[in-house]
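Hi,

Here is the structure I promised to pass on. Have a look first, and my notes on what turned up follow below.

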Amino acid sequence: MPGKVKQACQQIAAGGSAGLVEVSLMHPLDVIKTRFQIQGGVNSPTHYTSMADCVRTMVRKEGTFSLYKGILPPILAETPKRAVKFFTFEQYKNLFLFGSPTPTAWTFALAGLCSGLTEAVVINPFERVKVKLQSEQLLFSQQTSAFSAARVIVREKGLGFDGLSKGLTATLGRHGVWNMIYFAFYHNMKGWLPEAEDPKLEFMRKFTLGLIGGTIASTANIPFDVAKSRIQGPQPVAGQVKYKWCFDTIRTVYVEEG
């Protein structure tokens, strides 16, 4: 048991460190993604025509560091997120064996889905604050801290679906779909493709499977991600709630914007 605990701690520490590096490098792209997802149609007051246009506009109007708005919540959430993702995946995998001595394709898919749903509950408050900060078109120096933003949300809206839990339905969809597809693809394909004896080739095998699985999963969960940004971000008309629930938001975006 002590050995397993030590191994688990090492995995969590390694995963958290890797996540910190990932967030630091990829956060500007996440900010750009959020800005595109909340901007609405071509008649939106701030309409970006491309990634380059978004970067130029943000740097010119909000400063260079605006590309790192909202970075603290994902940094704080990264280690518990990864710990929950992989720990619960292993637990759910045992649950969904259905009497089989080894995991089946359905085992990986269902375990991935449930681990994603569990992860979403943990991560949603951090995402709520992050999207709020990313959507504010202020100079970086003028923006309040993540802790101040969280306190304001809780004080004014509480912990419920209008407050810190806002967008939970869409976050459940986003993480559930992503984990289901990724874990099912990765583990099933890894079992079908022979393991390479050369460590470099084996690394490339796992890297390629992870890349393809992550790409497919990210493509599939985009509608939920857009819905999450619309729900958690600023509403089109101040004082009027247009986006509140996941599937209603997806339907509205589809009808109005295609």
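One thing before anything else: this is a predicted model, so please read everything below in that light. I've grouped the notes by region.

**Where α4 meets α5**

Let's begin with a helix pair. Helix α4 covers residues 105-135, and helix α5 runs over residues 146-157. Their axes come within 10 Å and cross at roughly 110°. That angle falls in the 65 to 115 degree range, so α4 and α5 count as roughly perpendicular to each other. On the α4 side the residues involved are R128, V129, K132 and L133, and they meet A146, A149, A150 and I153 of α5. Sorted by class, this contact has six nonpolar residues, two charged ones and no polar ones.

**T118, also in α4**

T118 sits in α4 as well. Is T118 buried or exposed? Neither, quite: its relative accessible area is 24%, and because that lies between the 20% and 50% cut-offs, T118 counts as partly exposed. Setting aside neighbours within four places in sequence, T118 is in contact with V84, T88 and Y92. With Y92 there is a polar contact between the two side chains, at 2.9 Å. A polar atom of the T118 side chain also lies 2.8 Å from the backbone oxygen of C114. In case you want a long-range distance, the C-alpha atoms of T118 and Q240 are separated by 31 Å, with their positions 122 residues apart along the chain.

**F98, in the loop before α4**

F98 belongs to the loop between α3 (72-95) and α4. Its phi is positive, about 55°, although F98 is not a glycine. F98 has a relative accessible area of 59%, which is over 50%, so this residue is exposed.

**K69, in the loop between α2 and α3**

K69 is found in the loop between α2 (51-62) and α3. You might want to look at this lysine, since its relative accessible area is 0% and K69 is therefore buried. What does its side chain pair with? It makes a polar contact with the side chain of E62, at 2.7 Å. Beyond four places in sequence, the residues in contact with K69 include H27, V31 and R35, along with E62. Further along the chain, its contacts include L133, Q134, E136, Q137, L138, F140 and Q143. L133 appears here too, having already come up as one of the α4 residues that meet α5.

**Two residues of α7**

Helix α7 covers residues 199-220, and I have notes on two of its residues.

- R205, in α7, is buried, with a relative accessible area of 12%. Its side chain has a polar atom 3.0 Å from the backbone oxygen of K190. For the backbone oxygen of L193, the distance to a polar atom of the R205 side chain is 3.0 Å. Not counting residues up to four places away in sequence, R205 touches K190, L193, P194, E195 and A196.
- T219, in α7, is exposed, with a relative accessible area of 56%. A polar atom of its side chain lies 2.8 Å from the backbone oxygen of T215. T219 and W178 are 41 residues apart in sequence, and their C-alpha atoms are 8.9 Å apart in space.

**Helix α8**

How many of the eleven residues of α8 (residues 222-232) are buried? Nine are, so the helix is largely enclosed by the rest of the structure. The buried ones are F224, D225, V226, A227, K228, S229, R230, I231 and Q232.

**Cysteines**

Last, the sulfurs. A disulfide is a covalent bond between the sulfur atoms of two cysteines. How many disulfides does the model have? The count comes to zero. C246 is in no disulfide, and the nearest cysteine sulfur, that of C114, is 17 Å away. C246 counts as buried, at 3% relative accessibility. C54 is buried too, at 0%. C114 has already come up: its backbone oxygen is the one that lies 2.8 Å from a polar atom of the T118 side chain.

That's the handover. Shout if you'd like to go through any of these regions together.

Cheers

Terms used:
Residues are numbered from 1 along each chain as its sequence is written. This is a predicted model: local features need pLDDT of at least 70, side-chain atom pairs count only at pLDDT 80 or more; totals for chains, interfaces and linings use all residues. Side-chain values use heavy atoms; hydrogens and water are left out. Helices (H or I, at least four residues) and strands (E, at least two) are DSSP runs, numbered from the N terminus. Buried means under 20% relative accessible area, exposed over 50%, partly exposed in between (1.4 Å probe, protein chains only). Contact means heavy atoms within 4.5 Å. A polar contact is a pair of N or O atoms within 3.5 Å; within protein, one must be able to donate a hydrogen and the other to accept it, and residues adjacent in sequence count only if both atoms are side-chain atoms. A disulfide is a pair of cysteine sulfur atoms within 2.5 Å. Axes are lines fitted to C-alpha atoms, for helices over the stretch in contact, and angles run from 0 to 180 degrees between N-to-C directions. Angles under 35 degrees count as roughly parallel, over 145 as roughly antiparallel, 65 to 115 as roughly perpendicular and the rest as oblique. Ala, Val, Leu, Ile, Met, Phe, Trp, Tyr, Cys and Pro count as nonpolar, Asp, Glu, Lys and Arg as charged, and the others, Gly among them, as polar.
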